[in-house]
Amino acid sequence: DPNVRTWHMPVLYDRAFHRIHVAAYGPTQPRRVALCLHGYMENGRELDPLCRALAAAGWTVLCPDFAGHG
């Protein structure tokens with residue numbers, strides 16, 4: 001999807017580095033930023049409709065997948 005930018009970010013978790021997936025929606029030069037975090041048994045794609053709605057309203061939205069969930 002050309003409107004969603006993604007990358008992998010290293011994070012320290014349980015004394016080891018893991019790469020987590022991060023999706024960014026909306027403008028690349030943010031004025032307002034929202035961080036959307038998924039629930040325990042979910043992943044970031046579950047929040048796609050919310051992230052797209054916020055991006056359409058002018059927000060830059062970051063939505064990471066927690067380690068082991070994406």
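# Notebook: cavity, salt bridges, nonpolar patch

I began with the lining of the largest cavity, which consists of His21, Ala23, Tyr25, Gly44, Arg45, Cys63 and Asp65. I note here that the model is predicted. I then asked which strand gives the most to this lining. Strand β2, residues 16–25, does, with 3 residues. For the volume of the largest cavity I have about 40 Å³. With a threshold of 30 Å³ or more, I count 1 cavity.

**Salt bridges**

Arg45 is one of the residues lining the cavity, and I followed its side chain next. Arg45 forms a salt bridge with Asp48, at 3.8 Å from N to O. Which other side chain does Asp48 meet in a salt bridge? I found Arg52, with an N to O distance of 2.8 Å. The total for the model is 2 salt bridges, and I logged Arg45, Asp48 and Arg52 as linked in a network. As background, side chains of opposite charge can pair when their charged atoms come close.

I looked up the spacing of the second pair. Asp48 and Arg52 are 4 residues apart in helix α1, so about one helical turn separates them.

Is Asp48 buried or exposed? I have its relative accessibility at 14%, and because the cut-off for buried is under 20%, Asp48 counts as buried. Arg52, at 29%, counts as partly exposed.

**Nonpolar patch**

I turned to the surface and asked which residues make the nonpolar patch of about 290 Å². They are Leu35, Leu37 and Phe66. I placed two of them against the secondary structure. Leu37 sits in the loop that runs between β3 (33–35) and α1 (48–56). Phe66 belongs to the segment after β4 (60–64).

I checked accessibility for both. Leu37 has 48% relative accessibility and therefore counts as partly exposed, since exposed requires over 50%. Phe66 has 36% and is also classed as partly exposed.

**Around Phe66**

What does Phe66 touch, leaving aside its neighbours within four places in sequence? I list Ile20, Leu37 and His38 as its contacts. Leu37 therefore appears twice in my notes on Phe66, because it is a contact and also a member of the patch.

My last lookup was the separation of Phe66 and Leu54. These two are 12 residues apart in sequence, and their C-alpha atoms are 21 Å apart in space.

Note on methods:
Residues are numbered from 1 along each chain as its sequence is written. This is a predicted model: local features need pLDDT of at least 70, side-chain atom pairs count only at pLDDT 80 or more; totals for chains, interfaces and linings use all residues. Side-chain values use heavy atoms; hydrogens and water are left out. Patches are made of residues with over 30% relative accessible area and no salt bridge: like charges are joined within 9 Å, nonpolar side chains (Val, Leu, Ile, Met, Phe, Trp, Tyr) within 5 Å. Accessible areas come from the Shrake-Rupley method with a 1.4 Å probe; for residues, only the protein chains shown count as cover. A salt bridge is a side-chain nitrogen of Lys or Arg within 4 Å of a carboxyl oxygen of Asp or Glu. Helices (H or I, at least four residues) and strands (E, at least two) are DSSP runs, numbered from the N terminus. Buried means under 20% relative accessible area, exposed over 50%, partly exposed in between (1.4 Å probe, protein chains only). Contact means heavy atoms within 4.5 Å. On a 1 Å grid over the protein atoms alone, a cavity is a set of points where a 1.4 Å probe fits but cannot get out, and a pocket is an open set with protein on both sides within 12 Å along at least five of seven lines; lining residues have an atom within 4 Å of a point. Grid points are joined across faces, edges and corners, and a volume is the space filled by probe spheres set on the points.
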